[in-house]
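This report goes through one protein chain, topic by topic. Please keep the sequence and the 3D view at hand while reading.

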Amino acid sequence: MRRLQSVDEFHDLTEQKPVVFMFTAGWCPDCRVIDPIMPEVENSFKDYEFISVDRDEFIDLCIEKDIYGIPSFLAFNNGQEKGRFVSKDRKTQEEIESFLAKLPK
């Protein structure tokens, strides 16, 4: 999963192909727990590009998008938000995959 480089890139990506942003931080223990499973999740959902967003680096973007807990996921396609899995709770692989499977195309 590649890292977001700028707010402009975020907005550009939301207008393009289906994308899922994973909001995370280096100090977040729940984020580190799901890091090892994310390559498998990405492999199972190849229709989406997965982008890692460092919460501390993009705090204004998090505020703009109401991301107040991490790890959290925000999905876009064709400029529209298609789904969000946002909370401060630890997420399991099954919960993440269930969220992704229910996203409208």
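The sections below cover the sheet, the cysteines, the salt bridges and some surface residues of a predicted model.

## The sheet

General background comes first. Strands of a sheet pair through backbone hydrogen bonds, and they do so in a parallel or an antiparallel way. This chain has an open sheet of 5 strands with mixed pairing, in the order β1-β3-β2-β4-β5. Its edge strands are β1 (2–3) and β5, each of which pairs on one side only.

Two of the pairings can be followed in detail. Strand β2 (residues 19–24) and strand β3 (residues 49–54) run parallel and are joined by 6 bridges. Within this pairing, Met-22 has Ser-52 in β3 as its bridge partner. Strands β4 and β5 run antiparallel, with 5 bridges between them. Here Leu-74 has Arg-84 in β5 as its bridge partner. The hairpin of β4 and β5 has 2 residues between the strands, and Asn-78 takes a positive phi near 50° in this hairpin.

## Ser-52 in strand β3

Ser-52 lies in strand β3. Is Ser-52 buried or exposed? Its relative accessibility is 14%, so Ser-52 counts as buried; the cut-off for buried is under 20%. Leaving out residues up to four places away in sequence, Ser-52 touches Met-1, Arg-2, Arg-3, Leu-4, Met-22 and Thr-24. Met-22 in that list is also the bridge partner of Ser-52.

## The cysteines

A disulfide is a covalent bond between the sulfur atoms of two cysteines. The count for this model is 1 disulfide. Cys-28 and Cys-31 form a disulfide, with their sulfur atoms 2.4 Å apart. The link of Cys-28 and Cys-31 is right-handed, with 80° about the S-S bond. Both ends are covered: Cys-28 is buried at a relative accessible area of 4%, and Cys-31 is buried at 0%.

Why does Cys-62 have no bond to the closest cysteine sulfur? That sulfur belongs to Cys-31 and is 11 Å from the sulfur of Cys-62, which is too far for a bond. A disulfide needs the two sulfur atoms within 2.5 Å. Cys-62 also counts as buried, at 1% relative accessibility.

## Salt bridges

Side chains of opposite charge can pair when their charged atoms come close. The model has 10 salt bridges by the rule used here. In one of them, Asp-30 pairs with Arg-90, and the closest N and O atoms are 2.8 Å apart. Asp-30 is in helix α2 (residues 29–34) and Arg-90 is in the loop between β5 and α5, so this pair ties together parts that are 60 residues apart in sequence. The two residues are covered to unlike degrees: Asp-30 counts as buried at 18% relative accessibility, whereas Arg-90 counts as partly exposed at 47%.

Another salt bridge joins the side chains of Arg-55 and Asp-56, at 2.5 Å from N to O. Arg-55 is partly exposed, with a relative accessible area of 27%, and Asp-56 is partly exposed at 39%. Salt bridges also link Arg-2, Glu-9, Lys-17 and Glu-49 in a network.

## Lys-65 and its contacts

Lys-65 lies in the loop between α4 and β4. The side chains of Lys-65 and Glu-64 meet in a salt bridge, at 3.8 Å from N to O. Lys-65 is buried, with a relative accessible area of 18%, while Glu-64 is partly exposed at 43%.

Which residues does Lys-65 touch, not counting those up to four places away in sequence? They are Phe-10, Leu-74, Phe-76 and Arg-84. Among them, Leu-74 and Arg-84 are bridge partners in the pairing of β4 and β5.

## Two exposed loop residues

Tyr-68 lies in the loop between α4 (59–64) and β4 (72–77). Tyr-68 is exposed, with a relative accessible area of 62%. Together with Ile-59 and Ile-63, Tyr-68 forms a nonpolar patch on the surface, and the accessible area of these residues together is about 310 Å².

Lys-88 is in the loop between β5 (80–85) and α5 (93–101). Lys-88 is exposed as well, with a relative accessible area of 65%. Apart from neighbours within four places in sequence, Lys-88 is in contact with Asp-30, Gly-69 and Ile-70. Lys-88 and Leu-103 are 15 residues apart along the chain, and their C-alpha atoms are separated by 21 Å.

Methods: Residues are numbered from 1 along each chain as its sequence is written. This is a predicted model: local features need pLDDT of at least 70, side-chain atom pairs count only at pLDDT 80 or more; totals for chains, interfaces and linings use all residues. Side-chain values use heavy atoms; hydrogens and water are left out. Patches are made of residues with over 30% relative accessible area and no salt bridge: like charges are joined within 9 Å, nonpolar side chains (Val, Leu, Ile, Met, Phe, Trp, Tyr) within 5 Å. Accessible areas come from the Shrake-Rupley method with a 1.4 Å probe; for residues, only the protein chains shown count as cover. A salt bridge is a side-chain nitrogen of Lys or Arg within 4 Å of a carboxyl oxygen of Asp or Glu. Helices (H or I, at least four residues) and strands (E, at least two) are DSSP runs, numbered from the N terminus. Buried means under 20% relative accessible area, exposed over 50%, partly exposed in between (1.4 Å probe, protein chains only). Contact means heavy atoms within 4.5 Å. Two strands pair if DSSP finds at least two bridges between them.
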